[in-house]
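This report looks at two topics: the salt bridges and the internal space of one protein chain. Please keep the sequence and the structure in view while reading.

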Amino acid sequence: MTRVLRPYQQSIIGQIRTLWERGVDRVIAVAPTGSGKSVLAAELSEGFKNPLSVCHVRILAEQLNQTVCRAATWQGLRQRQERGEGWPYGTPDLLVVDEVHVGDSPDWQHVFEMVEPGTKVLGLTATPWR
């Protein structure tokens with residue numbers, strides 16, 4: 001899919017890809033509200049076989065399923081983990097974490113515990129500090 005990217009989006013994407021190429025698996029992209037973080041995620045998801053977005057509300061997961069890649073809520077992942085189940089669509093090779101600034105909460109930690117070494121993780125937020 002051809003997207004028209006803004007110069008700052010091109011810059012962010014280039015920086016993230018460079019970090020990934022250098023072996024940095026977990027990266028946070030900080031961009032203002034309305035700057036197209038979903039576009040960044042969609043662009044960066046290309047080339048991965050099984051990208052998965054994780055967010056905090058079901059309505060957002062449904063939107064991401066339609067526009068970016070498969071998506072799940074952290075609550076749904078927690079329930080799967082408690083039942084001894086794995087990832088809903090198979091092990092992701094890219095995990096996109098929406099609103100990653102809340103990722104330090106105990107509710108989110110189980111998601112990061114599920115991530116296998118070598119999996120690329122892209123955190124997205126407009127507010128990196130709470």
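## Ground rule for the pairs

A salt bridge here is a side-chain nitrogen of Lys or Arg within 4 Å of a carboxyl oxygen of Asp or Glu. The model is predicted. Glu 85 and Arg 80 meet the rule, with their closest N and O atoms 3.4 Å apart. Because partly exposed covers the range between under 20% and over 50% relative accessible area, Glu 85 falls in that class at 33%.

By this rule, the structure has six salt bridges.

## Arg 3, Glu 43 and Glu 46

Glu 46 pairs with Arg 3. Their closest N and O atoms are 2.6 Å apart. Glu 46 sits in the loop between α2 and β2 (51-55). Arg 3 sits in the segment before α1 (7-21). The two residues are 43 residues apart in sequence, so the pair ties together separate parts of the chain.

Glu 46 is partly exposed, with a relative accessible area of 37%. Glu 43 also belongs to this group: salt bridges with shared partners join Arg 3, Glu 43 and Glu 46 into one network.

## Asp 25 and Lys 120

Which side chain meets Asp 25 in a salt bridge? The partner is Lys 120, at 2.7 Å from N to O. This pair links distant parts of the chain, 95 residues apart. Asp 25 lies in the loop between α1 and β1 (26-30). Lys 120 belongs to strand β5, residues 120-125.

Are these two residues buried or exposed? Lys 120 is buried, with a relative accessible area of 15%. Asp 25 counts as partly exposed, at 23%. The cut-off explains the split: buried means under 20%, so Lys 120 qualifies and Asp 25 does not.

## The cavity

How many cavities of 30 Å³ or more does a search of the whole structure find? It finds one. The largest cavity holds about 50 Å³ of space.

Its lining consists of Lys 37, Ser 38, Ala 41, Ser 53, Leu 64, Val 96, Asp 98 and Leu 124. Two elements, α2 (37-45) and β4 (94-98), each give two or more residues to this lining. The largest share comes from α2, with three residues. By class, the lining has four nonpolar, two polar and two charged residues.

Technical notes
Residues numbered from 1 in each chain as written. Predicted model: local features only at pLDDT ≥ 70, side-chain atom pairs only at ≥ 80, totals over all residues. Heavy atoms only, no water. 1 Å grid on protein atoms, 1.4 Å probe; cavity = no way out; pocket = protein on both sides within 12 Å on 5 of 7 lines; lining within 4 Å. Points joined across faces, edges and corners; volume = space filled by probe spheres on them. Helix = DSSP H or I, 4+ residues; strand = E, 2+ residues; numbered from the N terminus. Nonpolar A, V, L, I, M, F, W, Y, C, P; charged D, E, K, R; others polar. Buried < 20%, exposed > 50% of the residue type's maximum accessible area, 1.4 Å probe, protein only.
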